[in-house]
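Biologist: Got a minute to go through this one with me? I'd like to talk about side-chain contacts.

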Amino acid sequence: MATVPAAKDKYRSFLDDEADNVQWRHGAPPSYDDVNQLFEQGRTKEWEEGSLEEIVQNAIKTWEMELSHKVRLQDFKSINHEKFNLIVNGREGLKGEEALKMGSYNALLKNSLPKEFQYYKADEESFESSHEAFRSAFPRGFAWEVIHVYSGPPLIAFKFRHWGIFEGPFKGHAPTGETVEFYGIATVKMNRLTKD
């Protein structure tokens, strides 16, 4: 009996490319079917194929996939390994290996607020515990979209929206079924602009 190849993810490049040569955190490429469905049902913008907005949106989704699911930085294709620097809210930048070790949630949510105001304490979480906490709270994932691109390229400034449905427990808080969302502004310097 022949196997049917899985459908290619339409929002993330490099998910299916050379999958056998990549060291995946859970042994195989992840499925984004649930969060893609949440994205398609809840997005506020549908960008024209090949537009700068679509390219930026898919590039960030690809980077997040690599950071969350690839074990070795050498397998990342979405970043320049030598130049990558993740700076959040004015903190000191993180190089690729540092961000990979911390994990996406810890790298993006770490802050310098006094402990009593930190509802999420990144320095008390491991890569694994942070991902488990958010997978539990948002079992369908946390969708992400570009709302507006203000400038570009090579230095692209954009506004984004990130949202999910609070359907599972989170750090002692019972699920409410409510949509949790936030907006942000980011910049990314791209040295190559393509759909793939």
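Modeller: Sure, let's go through aromatic pairs, charges over rings, one strand residue and the salt bridges. Keep in mind that this is a predicted model.

Biologist: Okay, rings to start. How many aromatic pairs does the structure hold?

Modeller: There are 13 aromatic pairs in the structure. Take Y105 and F134: their ring centres are 4.2 Å apart with 15° between the planes, and the pair is stacked.

Biologist: Where do Y105 and F134 lie?

Modeller: Y105 is in helix α4, residues 104–109, and F134 is in helix α5, residues 127–137, so the pair ties together parts 29 residues apart in sequence.

Biologist: And is F134 buried or exposed?

Modeller: F134 counts as buried, at 12% relative accessibility. Its partner Y105 comes out as partly exposed, at 23%.

Biologist: What about F142 and F182, how are those rings arranged?

Modeller: That pair is tilted, because the planes of F142 and F182 sit at 35°, with the centres 6.3 Å apart. The two come from distant parts of the chain: F142 is in the loop between α5 and β1, while F182 is in strand β3 (residues 179–189), 40 residues away.

Biologist: How accessible is F142?

Modeller: F142 has a relative accessible area of 22%, which makes it partly exposed. F182 counts as partly exposed too, at 37%.

Biologist: Which residues do ring pairs link into a cluster?

Modeller: F142 and F182 both belong to it, and the other members are F138, W144, F158, F160 and F166.

Biologist: Nice. Switching to charges over rings: what sits over F127?

Modeller: That's R25, whose charged end is 3.7 Å from the centre of the F127 ring. Another case is K61, which lies over the face of F39 at 3.4 Å from the ring centre.

Biologist: Now I147. Where is that one?

Modeller: I147 is in strand β1, and it is buried, with a relative accessible area of 13%.

Biologist: Which residues does I147 touch, leaving out those up to four places away in sequence?

Modeller: The contacts of I147 are T44, K45, W47, K159, F160, R161 and Y183. One of these, F160, is also in the ring cluster.

Biologist: And how far is I147 from G93?

Modeller: Their C-alpha atoms are separated by 25 Å, and I147 and G93 are 54 residues apart along the chain.

Biologist: On to salt bridges. How many does a search of the whole structure find?

Modeller: The search finds 11 salt bridges. One joins E181 and R161, at 2.7 Å from N to O. It links distant parts of the chain, with E181 in strand β3 and R161 in strand β2 (residues 155–165), 20 residues apart.

Biologist: Is R161 buried or exposed there?

Modeller: R161 counts as buried, at 7% relative accessibility, whereas E181 is partly exposed at 39%.

Biologist: What else is in that network of salt bridges?

Modeller: E145 is, so to speak, the third member: E145, R161 and E181 are linked in a network.

Biologist: Any others to look at?

Modeller: Try R72 and D75, whose closest N and O atoms are 3.0 Å apart. D75 counts as buried at 9% relative accessibility, and R72 as partly exposed at 27%. Then there's R135 with E132, where the closest N and O atoms are 3.7 Å apart.

Biologist: Where do R135 and E132 lie?

Modeller: Both are in helix α5, three residues apart, about one turn of the helix. R135 is partly exposed at 40% relative accessibility, and E132 is partly exposed at 44%.

Methods: Residues are numbered from 1 along each chain as its sequence is written. This is a predicted model: local features need pLDDT of at least 70, side-chain atom pairs count only at pLDDT 80 or more; totals for chains, interfaces and linings use all residues. Side-chain values use heavy atoms; hydrogens and water are left out. Rings of Phe, Tyr and Trp (its six-membered ring) pair if their centres lie within 6.5 Å; planes under 30 degrees apart count as stacked, over 60 as edge-to-face and the rest as tilted. Helices (H or I, at least four residues) and strands (E, at least two) are DSSP runs, numbered from the N terminus. Buried means under 20% relative accessible area, exposed over 50%, partly exposed in between (1.4 Å probe, protein chains only). A charge sits over a ring if NZ of Lys or CZ of Arg is within 6 Å of the ring centre and within 35 degrees of the ring normal. Contact means heavy atoms within 4.5 Å. A salt bridge is a side-chain nitrogen of Lys or Arg within 4 Å of a carboxyl oxygen of Asp or Glu.
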